[in-house]
Amino acid sequence: MDRAGSPGPPRPQDRVLGPRRNRDADWNAWPVADYLAENYRRLHPCDVGVIRHHAAVYRTIAPGALCRTLELGAGPNLYPLMQAGAASLRVDALEPSAANVRYLRQQLTDGPDDSWRPFYTLCRSLDPALPESCTEALRRVRVVPGVAEDLTDGTYALASMNFVAESVTEDFAEFTVLCDAFVRAVRPGGRLVASFMERMPSYRIGTGPVWPACPVDGAALRAVFAPRTTGLRIERLAKDRTLPEYGDTGVLLLTALRRDGPTA
Ligand SMILES: C[S@@+](CC[C@H](N)C(=O)[O-])C[C@H]1O[C@@H](n2cnc3c(N)ncnc32)[C@H](O)[C@@H]1O
């Protein structure tokens with residue numbers, strides 16, 4: 001394997017019988033530095049697309065109108081947290097990995113790394129209600145160690161999830177359960193905004209282990225979200241060739257509202 005991100009042949013420590021489920025991976029060992037280096041140390045075209053998409057949602061919401069919002073599986077990605085910094089009074093960044101929790105807490109305490117500056121400049125240019133400084137926008141974020149399964153039904157006014165449900169299990173049934181927890185986290189009528197890698201198989205970050213993923217396309221997202229939501233919109237970004245080769249075919253972007261009554 002000579003290309004970061006390319007899965008390559010499985011190694012003995014990667015072998016699990018059947019599809020690898022969420023609990024089969026050691027999320028505490030998430031390679032924060034390599035993940036940031038590959039994905040977020042500079043603004044890639046797909047980040048611009050995701051930020052534009054999410055900004056179009058946040059721009060329609062008055063500053064401070066959402067009392068509590070969720071970033072599910074926040075990882076070390078600060079831009080979805082920044083984007084909630086005007087509309088939301090409190091952002092819960094739910095994250096199971098000790099390594100990611102440590103990074104997030106350090107960024108919130110000491111201030112964001114300089115590499116996040118262009119991300120915030122773009123976020124604010126698309127949503128002028130955001131405060132002048134990124135540090136101020138992130139002041140509303142609270143890091144919550146935990147997993148999707150810990151969420152309580154109807155807690156949030158808005159939930160955001162970026163590259164999580166499809167990137168943490170090989171089992172489509174478990175992908176559905178994670179998406180269901182995401183939908184149920186908001187109250188009926190609550191807003192959902194999400195991004196997914198399109199058709200991405202299990203992947204490596206740098207030269208580390210293989211992380212489990214479940215290739216999904218627009219039809220799969222529609223099958224999971226249509227029964228649970230209203231106003232479902234799915235858009236697509238072309239494959240970003242400035243990223244390592246993760247085997248994906250692009251990015252899928254989703255907005256919807258949680259349906260009233262039973263969700264599925
Ligand atoms: C591919 S990373 C995406 C991180 C970040 N959201 C982003 O936009 O880059 C997947 C994230 O999901 C987290 N995760 C894994 N299992 C989870 C679960 N059961 N519930 C919530 N988050 C989970 C991982 O720790 C990791 O931070």
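**Close-up views of a predicted model**

**View 1. D114 sits in the loop between α4 (98-110) and α5.** Welcome to the first stop in this model, which is predicted. Is D114 buried or exposed? D114 has 8 C-beta neighbours inside 10 Å, so this residue counts as exposed. For a sense of distance, take L232 as a second landmark: D114 and L232 are separated by 118 residues in sequence, and their C-alpha atoms are 36 Å apart in space.

**View 2. Helix α2 (residues 45-58) crosses helix α5 (residues 117-126).** The two axes come within 9 Å and cross at roughly 35 degrees, and the crossing of α2 past α5 is right-handed. Which residues meet here? From α2 come D47, V48, I51, R52 and A55, while α5 brings F119, L122, C123 and L126. Sorted by class, this contact between α2 and α5 holds seven nonpolar and two charged residues, with no polar ones.

**View 3. Seven strands line up in an open sheet.** Reading across, the order is β3-β2-β1-β4-β5-β9-β8, and the pairing is mixed. Why is one side of β3 and of β8 left without a neighbour in the sheet? Both β3 (141-145) and β8 (229-238) stand at the edges with a single partner strand each, so one side of each has no neighbour in the sheet. From one strand to the next, the twist averages 15 degrees.

**View 4. Strands β5 (residues 186-198) and β9 (residues 250-258) pair in the antiparallel sense.** Their pairing runs over eight bridges. To find your place in the ladder, look for L192, whose bridge partner in β9 is A256.

**View 5. Helices α7 (residues 172-184) and α8 (residues 218-225) lie across strands of the sheet.** Helix α7 lies across β1 (69-72), β4 (156-162), β5, β8 and β9, and runs at about 140 degrees to β5. Helix α8 lies across β5, β8 and β9, and its direction makes an angle of about 165 degrees with β8.

**View 6. F163 and R199 each have a positive phi.** Neither is a glycine: phi is near 60 degrees for F163 and near 55 degrees for R199. F163 is found in the loop between β4 and α7, whereas R199 lies in the loop between β5 and β6 (203-204). How do their surroundings look? F163 counts as buried because 21 C-beta neighbours lie inside 10 Å. R199 has 19 C-beta neighbours inside 10 Å, so R199 counts as partly exposed.

**View 7. A137 belongs to helix α6 (residues 134-138).** This alanine is buried because 25 other C-beta atoms lie within 10 Å. Which residues is A137 in contact with, leaving aside its neighbours within four places in sequence? They are M82, G85, L130 and P131. You may also like to pick out L81: A137 and L81 are 56 residues apart along the chain, and 8.1 Å separates their C-alpha atoms.

**View 8. A shell of 19 residues is found around the ligand.** Those that come nearest are G73, G75, N77, S97 and N162. What classes of residue make up the shell? The shell divides into 10 nonpolar residues, eight polar ones and one charged residue.

Notes:
Residues are numbered from 1 along each chain as its sequence is written. This is a predicted model: local features need pLDDT of at least 70, side-chain atom pairs count only at pLDDT 80 or more; totals for chains, interfaces and linings use all residues. A residue is near a molecule or strand if its C-beta atom, placed from the backbone, lies within 6 Å of it. Ala, Val, Leu, Ile, Met, Phe, Trp, Tyr, Cys and Pro count as nonpolar, Asp, Glu, Lys and Arg as charged, and the others, Gly among them, as polar. Two strands pair if DSSP finds at least two bridges between them. Helices (H or I, at least four residues) and strands (E, at least two) are DSSP runs, numbered from the N terminus. Axes are lines fitted to C-alpha atoms, for helices over the stretch in contact, and angles run from 0 to 180 degrees between N-to-C directions. Two residues are in contact if their C-beta atoms, placed from the backbone, lie within 7 Å. A crossing is left-handed if the near helix is turned anticlockwise from the far one by less than a right angle, and right-handed if clockwise. A residue is buried if 20 or more other C-beta atoms lie within 10 Å of its own, exposed if 12 or fewer, and partly exposed in between; C-beta atoms are placed from the backbone.
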